[in-house]
Amino acid sequence: MACFLVPGVEAVITTTVTKIIENKEKKQEAVQLEKGVSLGELHKEKLSRKLNRLNYLLWGGSGLLAFEHLWHGEIQPFFPFLTGAENPAEMFGEMSTVGVGMAVVVTGAWALVTFATDRILKREESGLKREAK
């Protein structure tokens, strides 16, 4: 009924945080270029790029769920818009169990993939440094 709202709200929050972090990273990058930092340091994967992946997962998942709810007639073009709002206790129960569960699983999967990617990149970087010596 309204489970897609929880990952949607998380997507709004993470998108806002991502935009703030992107602005800070651009300013830091400009300062580093002025100081003469090597280009290799600037090519490390940025936090904003990692958060963008989470944003894509959350927006895509909640958009697909919203479409599915629309397809099944659970979203209406008139107030209260969600058929589940007729019984708020049931709607909030679904949001707190299914919605939060989906948001946690998506964020956890993203965290595991991001962690694995960081480990792989660090391993490759240390291998390249050993070969250079």
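This note goes through a predicted model of a single chain, from its overall form to a few individual residues.

1. Overall fold. The chain holds 4 helices and 0 strands, and from the N terminus on its elements follow one another as α-α-α-α. Its radius of gyration is 21 Å, well over the 14 Å that the globule rule gives for 133 residues, so the chain is more spread out than a compact globule. Taken along the principal axes, the box filled by the C-alpha atoms comes to roughly 70 × 30 × 25 Å, and a reader turning the model on screen may wish to keep those figures in mind.

2. Burial and surface. Of the 133 residues in the chain, 25% are buried. The chain exposes about 9400 Å², and 67% of that area is supplied by carbon and sulfur atoms.

3. Contacts along the sequence. When contacts between residues at least 6 apart in sequence are considered, 77% of them turn out to join residues that are at least 24 apart. Individual examples of residues brought together from separate parts of the sequence are taken up in the later points.

4. Charges. The chain carries 16 positive and 16 negative charges, and the mean positions of these two sets are 14 Å apart.

5. The aromatic pair in helix 3. A search of the whole structure finds 2 aromatic pairs. In one of them, the ring centres of Phe67 and Trp71 are 5.8 Å apart and the planes stand at 45°, so this pair is tilted; the angle falls between the limits of 30 degrees for stacked and 60 degrees for edge-to-face. Both residues belong to helix 3, which covers residues 47-71, and they are 4 residues apart, about one turn of the helix. Phe67 counts as partly exposed, at 46% relative accessibility, whereas Trp71, at 66%, counts as exposed.

6. The second aromatic pair. The rings of Phe79 and Phe81 have centres 6.1 Å apart and planes at 85°, so the pair is edge-to-face. Phe79 is exposed, with a relative accessible area of 69%, while Phe81 counts as partly exposed at 43%.

7. Ser48, a buried residue of helix 3. Ser48 is placed in helix 3, and its relative accessible area of 6% makes this residue buried, since the cut-off for burial is under 20%. Which residues does Ser48 touch, once its neighbours within four places in sequence are left aside? The contacts of Ser48 are then with Thr18, Ile21, Glu22 and Glu25.

8. Glu94 and the start of the chain. Glu94 lies in helix 4 and counts as buried, at 16% relative accessibility. Although Glu94 and Met1 are 93 residues apart in sequence, their C-alpha atoms are 7.4 Å apart in space. With the neighbours within four places in sequence left aside, Glu94 is in contact with Met1, Ala2, Cys3 and Gly99, and a reader following the chain from its beginning can therefore look for Met1, Ala2 and Cys3 in contact with this residue of helix 4, where contact means heavy atoms within 4.5 Å.

9. Val113 and Ala116, further along helix 4. Val113 has its place in helix 4 and counts as exposed, with 53% relative accessibility. Its C-alpha atom is 10.0 Å from that of Lys50, a residue 63 places away in sequence. Ala116 is likewise found in helix 4, which covers residues 88-132, and counts as partly exposed at 35% relative accessibility. Between Ala116 and Asn52 there are 17 Å, C-alpha to C-alpha, for a separation of 64 residues in sequence.

Methods. Residues are numbered from 1 along each chain as its sequence is written. This is a predicted model: local features need pLDDT of at least 70, side-chain atom pairs count only at pLDDT 80 or more; totals for chains, interfaces and linings use all residues. Side-chain values use heavy atoms; hydrogens and water are left out. Helices (H or I, at least four residues) and strands (E, at least two) are DSSP runs, numbered from the N terminus. The radius of gyration is taken over C-alpha atoms; the globule rule is 2.2 Å times the number of residues to the power 0.38. Buried means under 20% relative accessible area, exposed over 50%, partly exposed in between (1.4 Å probe, protein chains only). Accessible areas come from the Shrake-Rupley method with a 1.4 Å probe; for residues, only the protein chains shown count as cover. Lys and Arg count as positive and Asp and Glu as negative; His and the chain ends are not counted. The place of a charge is taken as NZ of Lys, CZ of Arg, CG of Asp or CD of Glu. Rings of Phe, Tyr and Trp (its six-membered ring) pair if their centres lie within 6.5 Å; planes under 30 degrees apart count as stacked, over 60 as edge-to-face and the rest as tilted.
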